[in-house]
Amino acid sequence: MSNTTELPKIAMVVVAHPDDAEFGCAGTMAKWARDGWAIHLIVCTDASGGGADDFEDISDVARHHITVTRKAEQRAAAKIIGLREVIFLDQPDGLLAPTPDLRRMLVRHMRRIKPTRLLCQSPDRTWKPIYAIGRHHPDHLAAGAATIAAMYPASQNGWDFPELLREGLRPHKVRELYVMGAPEINHFEDITDTLDIKIESLRAHASQLAAHFDAIEKRIRDWAATNGKNYDVAAAEVFHRTEN
Ligand SMILES: [Zn+2]
């Protein structure tokens, strides 16, 4: 069982885009926040590609407008959930890659925030029962890969990114890892009491979801109930959880 209960209640959540965390783990984040956890959300991209597929104005002005709108929506969602802060790494949307530069940015925040818990997207694709096209956005895979590489070994190893150590950012060992959308699920969080907060936090992402929010709400509630059924609770979010 976990030996991390006496450690500081600090969590860091890393995702590619605004609304990724709300879809995957808002119920869990709201629950942890109620339990006294300080949760820091890192959004890797600038979200500038968040327009409709058939959008015709893809100018820099349009992209900037989407970025500004989606950041405001993400901050509003964070407030609803009770997050401590939201940090945007402003990497180009749609082009995220698990580069050493992205890893360094994440290590910088890990060493500054000193989280006990880390939650991120899966770097791996799920092929069973069938490959779901929309489920594995390349930015999500990249965010997951960069985050796990930043956690181990770079955050805890002063020999990695020595320039960070020279800045005074000392190595920090993250103790728990939660991966959403992982091919192997071994952990659930009961979100019965925070499912409504999850729905409200998703509603904050109006530019992406407002046009068909009723259908999204139904899908989210069905999904939470289906996950919950496997664990005898009314609603759940599921993860692969491991300790470091
Ligand atoms: Zn996304």
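**Exercise 1. The sheet**

In what order do the seven strands of the open sheet stand?

*Solution.* Keep in mind from the start that this is a predicted model. Reading across the open sheet, the strands follow the order 3-2-1-4-5-7-6, and their pairing is mixed. The ends of that order deserve a second look: strand 3 (85-91) and strand 6 (187-190) are the edge strands, and each has a single partner strand, so one side of each lacks a neighbour in the sheet. As a last step, consider how neighbouring strands are set against each other: on average they are turned by 25°, with direction ignored.

**Exercise 2. Strand 4 and its partners**

Find how strand 4 pairs with strand 1 and with strand 5, and then decide whether strand 4 is largely enclosed or not.

*Solution.* Begin with strand 1 (residues 10-15), which pairs with strand 4 in the parallel sense over four bridges. Two positions can be located in the structure: Ala11 has Arg117 of strand 4 as its bridge partner, and Val13 stands opposite Leu119 of strand 4. Next, turn to strand 5, which runs parallel to strand 4 and is joined to it by five bridges; here Cys120 stands opposite Val179 of strand 5. Finally, consider burial: five of the five residues of strand 4 are buried, so this strand is largely enclosed by the rest of the structure.

**Exercise 3. Helix 1**

Describe the span of helix 1, its kink, its burial and the strands that it touches.

*Solution.* Start with the span: helix 1 consists of 15 residues, 20-34, and reaches 21 Å from its first C-alpha to its last, which is close to the 21 Å expected at 1.5 Å a residue. Within this helix there is also a kink of about 70°, centred on Ala26. Just after the helix, Gly36 takes a positive phi of about 95°.

For burial, 13 of the 15 residues of helix 1 are buried, so the helix is largely enclosed by the rest of the structure. Part of its surroundings is the sheet, on which helix 1 packs by touching strand 1, strand 2 (38-45), strand 4, strand 5 (176-180), strand 6 and strand 7, while its direction makes about 175° with that of strand 1. Helix 3 also packs on the sheet, where it touches strand 1, strand 2 and strand 3, and its direction makes about 165° with that of strand 1.

**Exercise 4. Glu22: buried or exposed?**

Decide whether Glu22 is buried or exposed, and list the residues that it touches.

*Solution.* First place the residue: Glu22 lies in helix 1. A residue counts as buried if 20 or more other C-beta atoms lie within 10 Å of its own, and Glu22, with 29 C-beta neighbours inside 10 Å, therefore counts as buried. Leaving out residues up to four places away in sequence, Glu22 touches Ala77, Lys198, Ser201, Leu202 and His205.

**Exercise 5. The largest nonpolar core**

Which residues touch the most other members of the largest nonpolar core?

*Solution.* This core has 59 residues, and those that touch the most other members are Val13, Val14, Met29, Ile42, Cys44 and Ala143. Helix 4 gives the most to the core, with eight residues. To see the surroundings of one residue, take Met29, which, apart from its neighbours within four places in sequence, is in contact with Val13, Ala21, Ile39, Ile81 and Leu83.

**Exercise 6. Backbone details in the loops**

Locate the cis peptide bonds before Pro129 and Pro153, and then examine the positive phi values of Lys114 and Asp232.

*Solution.* The peptide bond from Lys128 to Pro129 is cis, with omega near -5°, and Pro129 sits in the loop between strand 4 (117-121) and helix 4 (138-151). The bond from Tyr152 to Pro153 is cis as well, with omega near 5°, and Pro153 belongs to the loop between helix 4 and helix 5 (162-166).

Lys114, a residue other than glycine, has a positive phi near 55° and lies in the loop between helix 3 (100-113) and strand 4. With 17 C-beta neighbours inside 10 Å, Lys114 is classed as partly exposed. Asp232, which is not a glycine either, has a positive phi of about 60° and is found in the loop between helix 8 (213-229) and strand 7 (236-243). Asp232 has 9 other C-beta atoms within 10 Å and is therefore exposed.

Key
Residues numbered from 1 in each chain as written. Predicted model: local features only at pLDDT ≥ 70, side-chain atom pairs only at ≥ 80, totals over all residues. Buried ≥ 20, exposed ≤ 12 C-beta atoms within 10 Å, placed from the backbone. Core = buried A, V, L, I, M, F, W, Y, C linked by C-beta atoms within 7 Å. Contact = placed C-beta atoms within 7 Å. Expected span 1.5 Å × (residues − 1). Bend = angle between axes of the 7 residues up to and from the residue. Pairing = 2+ DSSP bridges. Axes fitted to C-alpha atoms, helices over the stretch in contact; angles between N-to-C directions.
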